[in-house]
Amino acid sequence: MAEDFTRIAVMVSGGGTNLQALIDAEKSGIIKSGKIVLVASDNPDAYALKRAAANDIETYIMKGEDYLLKKLEADDIELVVLAGFMKILSADFVSHFPNRMINIHPSLIPSFCGKGCYGLHVHEKALAYGVKVTGATVHYVNEVPDGGRIIAQKAVEIRDDDTPETLQRRVMEQAEWILLPRAAEKVSSILLNEKNK
Ligand code: GRF
């Protein structure tokens, strides 16, 4: 009997506030079609790993894509969620998860995305350009960095006195931490329905 939930692996590199939003959403029932069964990181010191351990979620430190792929397959992972994950995965690796890998990007794609646009740099570029509105985007991951089909977006106003840090914080609070759990539930539900057909 197939499990009645989509098996989710979350990939992290840093503080893990987006992972925490996913964990909290699973507990509150916002995420009901999926279950986080693994947290993987390219960074053994990522605080996100402590958040996983505190919630009894298995953690895995990746040592190259081929071992990571074997681990995801061994754990029957059905959905990969990139949450503050800072590495660019190869087109070959990504091709194993068609419409089964999603990413949160801290801008309104197609603005401020692609090469060199990650973390705080995204907000530095938005402020440098002088846009009045930014936000976050959840999209499917394909072979083009930040290039997959868009799933959800949420806008956040930029204030005159914003610094990259204050803007990053507001985009996380008002957009990322809301969008990613909802998108994870939406895609988990789609995959669960497919599995149970
Ligand atoms: C943040 O810059 C966030 O905008 C982006 O990844 C970075 C760290 O996120 N998505 P997290 O706290 O590790 O989830």
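## Polar contacts of the ligand

In this predicted model, a polar backbone atom of G16 lies 2.8 Å from an oxygen atom of the ligand. Side chains also take part. An N or O atom in the side chain of Q168 is 2.7 Å from an oxygen atom of the ligand, and a polar side-chain atom of E176 is 2.7 Å from an oxygen atom of the ligand. On its own, the ligand has 370 Å² of accessible area, and the protein covers 92% of this area.

## The surroundings of the ligand

The ligand occupies the space of the largest pocket. Its shell consists of 13 residues, of which G16, T17, N18, Q168 and E176 are the closest.

Which helices each supply at least two residues of this shell? They are α1, spanning residues 17–28, and α6, spanning residues 164–195. Helix α6 gives the most, with 3 residues.

## Residue R7 in strand β1

A further residue to consider is R7, which belongs to strand β1, formed by residues 6–12. Is R7 buried or exposed? Its relative accessibility is 17%. Buried means under 20% relative accessible area, and R7 therefore counts as buried.

The side chain of R7 reaches the backbone oxygen of D76 at a distance of 3.4 Å. D76 is also one of the residues that R7 touches when residues up to four places away in sequence are not counted. The others in that list are K35, V37, D75, I77, E78 and L79.

Definitions and conventions: Residues numbered from 1 in each chain as written. Predicted model: local features only at pLDDT ≥ 70, side-chain atom pairs only at ≥ 80, totals over all residues. Heavy atoms only, no water. Helix = DSSP H or I, 4+ residues; strand = E, 2+ residues; numbered from the N terminus. Buried < 20%, exposed > 50% of the residue type's maximum accessible area, 1.4 Å probe, protein only. Polar contact = N/O pair within 3.5 Å; in protein donor to acceptor, adjacent residues only side chain to side chain. Contact = heavy atoms within 4.5 Å. Near = heavy atom within 4 Å. Areas by Shrake-Rupley, 256 points an atom, 1.4 Å probe, with all protein chains shown as cover. 1 Å grid on protein atoms, 1.4 Å probe; cavity = no way out; pocket = protein on both sides within 12 Å on 5 of 7 lines; lining within 4 Å. Sits in = over half its atoms within 2 Å of the grid points.
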